[in-house]
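Please find below a short note for a colleague who is new to this entry. The points are numbered so that each can be checked against the model.

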Amino acid sequence: MALFGWSVVHGGKAPPPGEVVRPNERLSWPRTIGLGAQHVVAMFGATFVFPLIMGLNPQLAIMMSGIATIIFLLIVSGRVPSYLGTSASFVGGVAAIRAQGGDSAEVTGAILVAGVVLALVGVLIHFVGSRAIYTVLPPVVTGAVVMLIGFNLAPVVAGTYWPQDQWIALLTMLFVIVVAVGVRGFLGRIAIFLALVFGYVLSWIFDRIFGQITSYSAAAAKETTHFRVDWAGVKAADWLGFPPHTEGDVVGWHAPSFSVAAILLVLPAVIALIAENAGHVKAVAEMTGDDLDPVMGRAIAADGVGTVIASAVGGSPTTTYAENIGVMAATRVYSTAAYYVAAIVAILFGFSPKFGAVVSATPGGVLGGITVVLYGMIGLLGAKIWRENRVDFSNPINLVPAAAGIIIGIGGVSLVFTDDFSLSGIALGTIITVLGFHLAKAIAPPHLKELWLAERSPRPDQDDEGATETAAGRDAGGAVLVVDEPGAYKEP
């Protein structure tokens, strides 16, 4: 299809009932720009929350998300409408790197290598077919890896964010729950963004009423007395300018550095991203009616390329976003023109240091209330993968390796090889899950193998490509959603 040759349909107006706007079509430019702005709002909250959590620059992350989105659309030739926002799958590995004394350069270097691996996997899938994903990484494995990535982050919430302001954290958490569950439509889909605004305003009100708070400060790395909202950096920041260079306590653009230990800690995120991208491509295919299996590998490779380019300058890892898929499901507009608009708007935001300073000044208690939900959602999405793919845990082939890998990953178990090299946490848990599963399947007696194969056969309500069903929640890439959308990680 032509990359930029969109046909104007429905007279440039909203599609009538039963009609859609396909990827190579568009509405009038004013309406397309409005839809693009809607996509920006949908991805906004998670895309700058996760850089904050990983200790990276949110202004740079927003800018690079726009650049990565354009690259993605070019690589898939405009066939898969999607936005590449900041990935949550790397948060656990990054937290482990930081805990071991790693700096931002080591973090982005490890992410860059993971991006290269993801791109190579995408190229491989393009040539051997998407079925290879499910042969090497069946749902029991991907579900376990996603679960241990999410639950491994629980100590980060308990030890870093929640103690900074427990009451703001509690109220922000309750706000996320109320909006995500109780508010229908587009507002429900941007619960994280609205919670950020709510928590920010509430923190300012608490400062006016109760004054300063004495608690742990992440910036000072110790307990201090401070206002919840400190806009000194916002006042000093310019309205226009490039993201800052990393220097001292300021984190901005920088060249990555490479550490084997750091790389091993983030590589498990590649498994989550493969499952995530595969599920999103399937979701878009079900909505548009297009057969996108031939471009599955290109989409996964494009995400890897986006991550490589973003992390090469100190930015955050990228992934396709379910928030934006939800917007398409609600509007029935799948035009890639709207995504180009969204990408351009994000790049423009990236040229505003004032915007970056506002984001960086987000109170710790607000992040505490949001991350306690986000991290739990990431973990529970592993269970969602299991449920939607009917993983049978009465079969030891599934039960034993997943059980071992999850406990090792969440518990932080270490396997020490030398004084300078060891495997632990997410990395070791992922290796145990993947290798343990294939070992168990290889040595299992025939009756257990037959049960496992029966588990993989389609249900009566499925065709050969898998089921379409309503999915509520969020993938491993970001925010809490309540989205009526097709899309699940299904075995073809």
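1. What distance should the 20 residues of helix 10 span, at 1.5 Å a residue? The expected span of helix 10, which covers residues 191-210, is 28 Å. Its end C-alpha atoms lie 27 Å apart in this predicted model, in agreement with that value.

2. The helix has a set of buried residues. In helix 10, Ala191, Ile192, Ala195, Leu196, Gly199, Tyr200, Leu202, Ser203, Phe206 and Asp207 are buried. Just after helix 10, Gly211 adopts a positive phi of about 80°.

3. A nonpolar patch is also to be noted on the surface. Val197, Val201, Trp204, Ile205, Ile209 and Phe210 make this patch, of about 590 Å². Val197 belongs to helix 10. Its relative accessible area is 41%, so Val197 counts as partly exposed, that is, between the limits of 20% and 50%.

4. Is Leu265, with its relative accessible area of 8%, buried or exposed? Leu265 is buried, because 8% is under the 20% cut-off. This residue is located in helix 12, residues 260-266. Beyond its neighbours within four places in sequence, Leu265 is in contact with Gly93, Ala96, Ile97, Gln100, Ser424, Ile426 and Ala427. The C-alpha atoms of Leu265 and Ile111 are 9.7 Å apart, although 154 residues separate the two along the chain.

5. A remark on confidence follows. The protein has an average pLDDT of 82, and 88% of the residues score at least 70. Over residues 459-492, however, pLDDT stays under 50. The model has 123 contacts beyond four places in sequence for that stretch. Predicted coordinates should not be read in detail where pLDDT is low.

Notes
Residues numbered from 1 in each chain as written. Predicted model: local features only at pLDDT ≥ 70, side-chain atom pairs only at ≥ 80, totals over all residues. Heavy atoms only, no water. pLDDT = per-residue confidence, 0-100. Contact = heavy atoms within 4.5 Å. Helix = DSSP H or I, 4+ residues; strand = E, 2+ residues; numbered from the N terminus. Expected span 1.5 Å × (residues − 1). Buried < 20%, exposed > 50% of the residue type's maximum accessible area, 1.4 Å probe, protein only. Patch = residues over 30% accessible without salt bridge, like charges linked within 9 Å, V, L, I, M, F, W, Y side chains within 5 Å. Areas by Shrake-Rupley, 256 points an atom, 1.4 Å probe, with all protein chains shown as cover. Salt bridge = Lys/Arg side-chain N within 4 Å of Asp/Glu carboxyl O.
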